[in-house]
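Okay, thanks everyone. Let me put the structure up, and then I'll talk you through a few things I picked out.

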Amino acid sequence: MLYSSYYFQILQQLIYTVPAVLLAITAHEFAHGYVSYRLGDPTPKQDGRLSVNPLKHLDLMGTLCLLLFHMGWAKPVRVCPRYYKDPRKGMIQVALAGPVMNFLMAFVSMFIFGLIVRIFGGMPTGIFAYFYYLSYYLAVINVGLGVFNLIPIPPLDGSNVLRELFPRVQYYYQRAGRYMPLILIVLLMTGVLSRPLTLMDNGILNGLWSIVKGILGIGYISSGGGIAV
């Protein structure tokens, strides 16, 4: 009976985390491709990356990390900076587009969460209970994806920003490039990255929630279900 309860809880969590992961990844990669396309690069469109189909953007290990640790990555969008008027500035804009999109989605998700709390005065019932948890997980996953991708380690977006600001780091990236995904997974599993990043994620989530509470005029409400608001 104990095992049944455990697996039921896991299944119940996946009902919220899987859609949240798919939406966060799709928005993140679409933003990269769209900004590059707007800067004059036809490559993302030619590769089919200007798409809202999650299957176009999934990276197996990165998606598993998102499900397990709420931090991960997607399949990088191929871009061609030679189409940009200012390649250096353009690459920085493209690299930051994904995390910025995730933070915007996190705010919108938290706002929806706040609206549900405001309307129901706490934990809703019926179909609204699903959107209550989904909007919260969307905020959590998007913040986790956005923060994690700002780390300056390939294949994460932060490495592209650092490479453009300090071109000499490209030498070190090339030497260790193929080992970087494995290094990231080890750092997450050992807690070296996950602990400090969790503190950052919680700080951003609390900040977003404070803004939403101020906008909607929500006082302290005990929501139950393990979600503190």
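I'll go through one helix, then a surface patch, then the aromatic rings.

Keep in mind that this is a predicted model. So, helix 4: it has 34 residues and covers 50 Å from first C-alpha to last, close to the 50 Å expected at 1.5 Å a residue. There is a bend, though, of about 35° at alanine 97, and proline 99 follows within four residues. Right after helix 4 comes glycine 121, with a positive phi near 70°.

Now the outside. Leu115, Ile119, Phe120, Ile127, Phe128 and Phe131 make a nonpolar surface patch of about 590 Å². Helix 4 (87–120) and helix 5 (127–148) are the elements that give two or more residues each to this patch. Phenylalanine 131, for one, sits in helix 5, and at 41% relative accessibility it counts as partly exposed.

On to the rings. How many aromatic pairs does the structure hold? There are 12. Take tyrosine 16 and tyrosine 137: their ring centres are 5.7 Å apart and the planes are at 0°, so this pair is stacked. Tyrosine 16 belongs to helix 1 (residues 2–38) and tyrosine 137 to helix 5, so the pair ties together parts 121 residues apart in sequence. And both of those tyrosines are buried.

Compare phenylalanine 107 and phenylalanine 111, a tilted pair with 6.4 Å centre to centre and 35° between the planes. They're 4 residues apart in helix 4, so about one helical turn separates them. Phenylalanine 107 is partly exposed at 27%, and phenylalanine 111 is partly exposed at 26%.

Last thing: ring pairs link up a cluster whose members include Tyr16, Tyr137, Phe131 and Trp209.

Definitions and conventions. Residues numbered from 1 in each chain as written. Predicted model: local features only at pLDDT ≥ 70, side-chain atom pairs only at ≥ 80, totals over all residues. Heavy atoms only, no water. Patch = residues over 30% accessible without salt bridge, like charges linked within 9 Å, V, L, I, M, F, W, Y side chains within 5 Å. Areas by Shrake-Rupley, 256 points an atom, 1.4 Å probe, with all protein chains shown as cover. Salt bridge = Lys/Arg side-chain N within 4 Å of Asp/Glu carboxyl O. Buried < 20%, exposed > 50% of the residue type's maximum accessible area, 1.4 Å probe, protein only. Expected span 1.5 Å × (residues − 1). Bend = angle between axes of the 7 residues up to and from the residue. Phe/Tyr/Trp six-rings, centres within 6.5 Å; stacked < 30°, edge-to-face > 60°.
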